[in-house]
Amino acid sequence: MTKISFTAKTTLDLAHSKTECLVVPVFQNKAAKPTTPASDHALGKKIASYLNLGDFSAALGTSATLPGSIGIKRLLLIGCGAKSQFSRMAQRRFAEVASRELAKGKAKDALIQLDDLALEAADFSATLEDLARHIVTACYIYTETLSKPPEPPALKRVCIHVGGTFSAVKSKSALVMGNAIGLGTNLSRELGNLPGNICTPSYLSKQARRLARLHSAIKTTVLDEKKMRDLGMGSLLSVGHGSDEPSQLIVMEYRGTQAKTRPYALVGKGITFDTGGISLKPGPKMDEMKFDMGGAASVFGTVHAIATMGLPINVVGVVAAAENMPSGRATKPGDVVKSLSGKTIEILNTDAEGRLVLCDALTYVGRYKPIEVVDIATLTGAIIVSLGHEACGVFANDDNLASALLEAGEQSNDRGWRMPIWDDYQRQLDSKFADMQNIGTGTAGSVTAACFLARFAEDYKWAHLDVAGTAFRSAPKGATGRPVPMLVQYLRGRAGK
Ligand code: BES
Ligand code: MN
Ligand code: ZN
């Protein structure tokens, strides 16, 4: 992945500027007609004469590219709609469209005329951040297993003219933040997109070690099957039992403040392929179960982003990695296993494997005395029935933590919606042959899955994000990198940044 450099400048002499692409926001007047941006003065009225043609409405979401003049090769106009309606949501759309067009185009550098927006400080900083984040994510392409990969985006350098009212230092910091979120999101997408024969539990361990080499503040430890057996992680181990790929419990410790400060914990479901096991899934779309490590991928992406930002908190990221396969050694429906917590589980459906790896990881993470624990998992098809592909399910045993995550989702445009984990649902998990069974009785599948996890998270403040509907898309097929933006925003909030 080629890095894109971001700079901000407070002064700009357009008439003597050189760029392959000048990005100019264009607003509409009361009659919904485009207005000529102030910068046009220095561009020999090129924009005004183009707008006169009437081809471009400047409605929010629209864009047009025209040839520039001497030093400025292209002009990329971005429609912003009415100035009076340029809300945070509209600003975000502006950033998304500009980013998409820049990533599609041939320009190697871009100059974004943000001064024309005349935004309030908070909106300005958020828009700068959005621009960096969306440019980085728009430039992501998957190449790893293609013998003839597509041309990578040409864009290498982006300079943003912020004008005199917004400081260069603040601008730079917003760009650094946005860039970090973009890079974290892309890392998460890349891990998700890699096929199951490459992205195995051992591959994820390697990636965790790579992150530790990249950031001196990260320490990675991997527990192999022997270590997990000695500890008593019978539930996690039961999932990979039918696979030739050894299961791994991956721990990434990020130290952003004194060692004695209690950490925040992220726990990711890392099923690198979910066939369902003996409770085999049907054939159609089974390939999409390579995305069943999306929760784990978001832990990697988030840890990468916060380490890049240097957030002054401690975070421990735990990934429970296994491959769920049928075989002569695989766990069978009716098998009873003993979890690390000591509780026994009757496995009635081997396809409800996510909760089986997560429960042991949740117990394990307790030893870090975490301030709050958030687990992230492509846990249930039922959450797609409830919330579709728009929001992830947010379950929590603590209202303050739930609100923090919901709010972080709003701020980062990576939303979640609260779901219940009332005791009323718990009886669905009663079993005759063990302390609990791993599936409910048919209704509210996402809630009973969360209720199962809740039994292993009683000792701390905990939330569970069911991202089965948001971590990847079927068409165009690919990992989205969600909920990295939400998680990074949540941790920034906790770090006061
Ligand atoms: N990984 C799946 C959930 C899933 C489904 C993720 C679709 C993404 C898209 C999970 O392991 C699973 O199989 N869940 C079962 C649970 C059931 C057996 C209680 C499900 O949702 O059907
Ligand atoms: Mn499954
Ligand atoms: Zn699964």
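Author: Donors are N, O and S atoms within 2.8 Å of the metal (3.2 Å for Na, K and Ca), and sites may look incomplete because water is not among the atoms. This is a predicted model, in which local features need pLDDT of at least 70 and side-chain atom pairs count only at pLDDT 80 or more, while totals for chains, interfaces and linings use all residues. Residues are numbered from 1 along each chain as its sequence is written, chains are lettered from A and ligands numbered from 1 in the order in which they are written, and side-chain values use heavy atoms, with hydrogens and water left out.

Reader: Which are the protein donors of the manganese ion (ligand 2)?

Author: They are Asp-274 (OD), Asp-351 (O and OD) and Glu-353 (OE), at 2.0 to 2.2 Å from the ion. Along the chain the spacing of the manganese donors reads D-x76-D-x1-E.

Reader: What arrangement do the six donor atoms around the manganese ion (ligand 2) make?

Author: Six donors count as octahedral if opposite donors are over 155 degrees apart and all others between 65 and 115; otherwise they are irregular. Around the manganese ion (ligand 2) the angles run from 70 to 166°, so the arrangement is irregular.

Reader: Which residues coordinate the zinc ion (ligand 3), and what is the arrangement of its six donor atoms?

Author: Lys-269 (NZ), Asp-274 (OD), Asp-292 (OD) and Glu-353 (OE) coordinate the zinc ion (ligand 3) at 2.0 to 2.4 Å. The six donor atoms subtend angles of 78 to 175° there, which makes the zinc arrangement octahedral. Its donor residues follow K-x4-D-x17-D-x60-E in sequence. The pair Lys-269 and Glu-353 links distant parts of the chain, 84 residues apart: Lys-269 lies in strand E9 (residues 264-274), and Glu-353 in the loop between strand E12 (344-347) and helix H9 (354-365). Helices (H or I, at least four residues) and strands (E, at least two) are DSSP runs, numbered from the N terminus.

Reader: How far apart are the manganese ion (ligand 2) and the zinc ion (ligand 3)?

Author: The two ions are 3.1 Å apart, and Asp-274 coordinates both.

Reader: Are Lys-269 and Glu-353 buried or exposed?

Author: Buried means under 20% relative accessible area, exposed over 50%, and partly exposed in between (1.4 Å probe, protein chains only). Lys-269 and Glu-353 are both buried, with Glu-353 at 1%. Asp-351, at 23%, is partly exposed.

Reader: Which residues of H9 and H12 meet?

Author: Contact means heavy atoms within 4.5 Å. Arg-355, Leu-356, Leu-358, Cys-359 and Leu-362 of H9 meet Ala-449, Phe-452 and Leu-453 of H12.

Definitions and conventions:
Four donors count as tetrahedral if all angles lie between 85 and 135 degrees; four count as square planar and six as octahedral if opposite donors are over 155 degrees apart and all others between 65 and 115; anything else is irregular.
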